[in-house]
Amino acid sequence: FVWPFYSDAPSARLIAAIVPLLNLGRLLAAGVNANAKGPQELVTAVSRSGDPKEVLKGPLIYCIVLVFATLLWRNSTAAVVAISQMAVGDGVADIVGRRFGQSAKWPNSEKSYAGSLAFVFGASIATFVLLRWFEFMACLAPLPFDTVTLFARIFLISIVCALVELIPGLDDNISVPFVGAFLGTYV
């Protein structure tokens, strides 16, 4: 995250939110007008199927979460936890699950054990590093926990978020950052 390099001015969070807002606009345009060459390239890059309608689901929700987290700003442990759980946890789960998880899947799910394990470890490490980074850069008040306690709390948050990702019928692009943000308030 580059949030620590922004000013403390109240308008800084609005300026920082411009990037995810622009991406949100690009995704909306690509999902609605997929006949143009530029949008089709974007659809191919951010979707699994190449279907423009898919861009209006997960990738669009991802940008909306980024906008809200940016507006909560860098002094919010909830925002840092939400983004790292969603971006790193969900991202690494997909990559590892596709590569190594084809044979061992959770019952009644397309999610794999390997992906869930990668989620927990990837999200835990990323969340811990980002929280310490923001603390070091004085964006967050000093966290009231020693290293082991902080990592244990983050590890538990990552386990809960990985389990939430397994719940059928929930969009994990919404549920994971929401649960991460809620639990991040206890860090």
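**Close-up views of a predicted model**

**View 1. Leucine 131 and its partners.** Skip the neighbours within four places in sequence, and leucine 131 is in contact with Thr77, Val80, Val81, Leu140, Leu143, Leu150, Ile154 and Val187. Bear in mind as you look around that this is a predicted model.

**View 2. The largest nonpolar core.** Zoom out a little, and Leu131 turns up among the residues that touch the most other members of the largest nonpolar core, along with Trp3, Phe119, Phe134, Leu150 and Cys161. This core has 31 residues in total. Which helices each supply at least two residues of this core? They are α1 (12-16), α5 (58-72), α6 (77-100), α7 (113-136), α8 (147-165) and α9 (172-184). The largest share comes from α7, which puts in 7 residues. Apart from this core lies another one, made of 8 residues, including Leu27, Ala30, Leu42 and Leu60.

**View 3. A nonpolar patch on the surface.** Not every nonpolar side chain is tucked away: Leu14, Ile64, Phe68 and Leu71 make a surface patch of about 370 Å². Helix α5 gives the most to this patch, with 3 residues. Take phenylalanine 68, which lies in α5. Is phenylalanine 68 buried or exposed? Its relative accessible area is 54%, so phenylalanine 68 counts as exposed, the cut-off being over 50%.

**View 4. Charged pairs within one helix.** Side chains of opposite charge can pair when their charged atoms come close. The model has 4 salt bridges by the rule used here. One of them joins arginine 98 to aspartate 94, with the closest N and O atoms 2.8 Å apart. Both residues sit in helix α6, 4 residues apart, or about one turn of the helix. Arginine 98 is partly exposed at 46% relative accessible area, and aspartate 94 is partly exposed too, at 27%. Over in helix α7, glutamate 135 and arginine 132 are 3 residues apart, again about one turn. Their side chains meet in a salt bridge at 2.6 Å, N to O.

**View 5. A salt bridge that reaches across the sequence.** Here the side chains of aspartate 172 and lysine 111 meet, 3.3 Å from N to O. Why does this pair tie together parts that are 61 residues apart in sequence? Because aspartate 172 belongs to helix α9, while lysine 111 is in the loop between α6 and α7. Aspartate 172 is buried, with 12% relative accessible area, whereas lysine 111 is partly exposed at 29%. Glu165 joins in as well: Lys111, Glu165 and Asp172 are linked in a network of salt bridges.

**View 6. Serine 109, in the loop with lysine 111.** Serine 109 lies in the loop between α6 and α7. A polar atom of the serine 109 side chain is 2.9 Å from the backbone nitrogen of lysine 111. Being in a loop doesn't leave serine 109 out in the open: at 17% relative accessibility, serine 109 counts as buried.

**View 7. Serine 175 in helix α9.** Serine 175 lies in α9 and is buried, with just 9% relative accessible area. What is serine 175 in contact with, leaving aside its neighbours within four places in sequence? The answer is Val164 and Leu170. Serine 124 is 51 residues away from serine 175 in sequence, and their C-alpha atoms are 17 Å apart in space.

**View 8. Alanine 138 and its positive phi.** Alanine 138 is found in the loop between α7 and α8. Its phi is near 65°, a positive value in a residue other than glycine. With 65% relative accessibility, alanine 138 counts as exposed.

How values were computed. Residues are numbered from 1 along each chain as its sequence is written. This is a predicted model: local features need pLDDT of at least 70, side-chain atom pairs count only at pLDDT 80 or more; totals for chains, interfaces and linings use all residues. Side-chain values use heavy atoms; hydrogens and water are left out. A nonpolar core is a set of buried Ala, Val, Leu, Ile, Met, Phe, Trp, Tyr and Cys residues joined through side-chain atoms within 4.5 Å. Buried means under 20% relative accessible area, exposed over 50%, partly exposed in between (1.4 Å probe, protein chains only). Contact means heavy atoms within 4.5 Å. A polar contact is a pair of N or O atoms within 3.5 Å; within protein, one must be able to donate a hydrogen and the other to accept it, and residues adjacent in sequence count only if both atoms are side-chain atoms. Patches are made of residues with over 30% relative accessible area and no salt bridge: like charges are joined within 9 Å, nonpolar side chains (Val, Leu, Ile, Met, Phe, Trp, Tyr) within 5 Å. Accessible areas come from the Shrake-Rupley method with a 1.4 Å probe; for residues, only the protein chains shown count as cover.
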